[in-house]
Amino acid sequence: MTRSLGLGLGLAIDAAADLELVAHEVAMALIPVAVPGAVLRFEYRVLAIEIEVLISSHTAVPPVLNGLGWHIVRTLVTDFALGCGSYDPAEAGHPVTVGFSWPHPLG
């Protein structure tokens with residue numbers, strides 16, 4: 001889905017693959033700590049000069065963002081942010097959102 005979006009917006013094949021890699025790394029950090037039944041949500045906002053990506057879910061504990069994969073993520077993206085809210089009893093977990101920006105090829 002992410003790679004197709006990037007290609008559809010005119011990203012080069014390698015840039016679309018890098019965008020997919022970043023989304024995959026974020027998802028793989030959230031899935032192991034997600035509460036049962038949690039939904040992993042991807043949002044993409046296409047702006048004039050960048051693509052904003054938000055990936056969110058509910059987790060039992062905040063995700064750990066470390067290792068080589070995260071070094072690569074932080075190298076590839078701009079405006080990286082991780083937000084973890086207070087425990088939400090209705091969802092039985094903490095709302096977590098990871099956001100980043102990706103340069104748009106037309107910017």
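A polar contact is a pair of N or O atoms within 3.5 Å; within protein, one atom must be able to donate a hydrogen and the other to accept it, and residues adjacent in sequence count only if both atoms are side-chain atoms. The structure is a predicted model, in which local features need pLDDT of at least 70 and side-chain atom pairs count only at pLDDT 80 or more, while totals for chains, interfaces and linings use all residues. Residues are numbered from 1 along each chain as its sequence is written, and side-chain values use heavy atoms, with hydrogens and water left out.

**Exercise 1. Describe the surroundings of T2: which residues does T2 touch, and is T2 buried or exposed?**

Step 1. Locate the residue: T2 belongs to helix α1 (helices are DSSP runs of H or I with at least four residues, strands are runs of E with at least two, and both are numbered from the N terminus).

Step 2. Classify T2: its relative accessible area is 6%, so T2 is buried (buried means under 20%, exposed over 50%, and partly exposed in between, with a 1.4 Å probe and protein chains only).

Step 3. List the contacts (heavy atoms within 4.5 Å): leaving aside residues up to four places away in sequence, T2 touches L19, E20, A23 and Y44. The side chains of T2 and Y44 are joined by a polar contact of 2.4 Å.

**Exercise 2. Examine helix α2: what span does it reach, and which of its residues are buried?**

Step 1. Helix α2 covers residues 13-30, which makes 18 residues. From first C-alpha to last it reaches 26 Å, close to the 26 Å expected at 1.5 Å a residue (the expected span is 1.5 Å times one less than the number of residues).

Step 2. The buried residues of α2 are A15, A16, L19, V22, A23, V26, A27, A29 and L30. An α-helix has 3.6 residues a turn, so residues three or four places apart point the same way.

Step 3. The elements that cover these buried residues include α1 (2-8), β1 (41-46), β2 (50-59), α3 (68-76) and β4 (94-103).

**Exercise 3. State how many salt bridges a search of the whole structure finds, and describe those of R3, R41 and R45.**

Step 1. The search finds four salt bridges (a side-chain nitrogen of Lys or Arg within 4 Å of a carboxyl oxygen of Asp or Glu). Side chains of opposite charge can pair when their charged atoms come close.

Step 2. R3 pairs with E20, and their closest N and O atoms are 2.5 Å apart. Because R3 lies in helix α1 and E20 in helix α2, the pair ties together parts that are 17 residues apart in sequence. R3 is partly exposed at 36% relative accessibility, as is E20 at 31%.

Step 3. R41 and E43 meet in a salt bridge of 3.2 Å, N to O, while R45 and E52 have their closest N and O atoms 3.7 Å apart. R41, E43, R45 and E52 are linked in a network of salt bridges.

**Exercise 4. Where do D79 and A92 lie, and what is the sign of phi in each?**

Step 1. D79 lies in strand β3 (residues 78-84), and its phi is near 55°, a positive value in a residue other than glycine. With a relative accessible area of 57%, D79 is exposed.

Step 2. A92 sits in the loop between β3 and β4. Its phi is also positive, about 55°, although A92 is not a glycine. A92 is partly exposed, at 41% relative accessible area.
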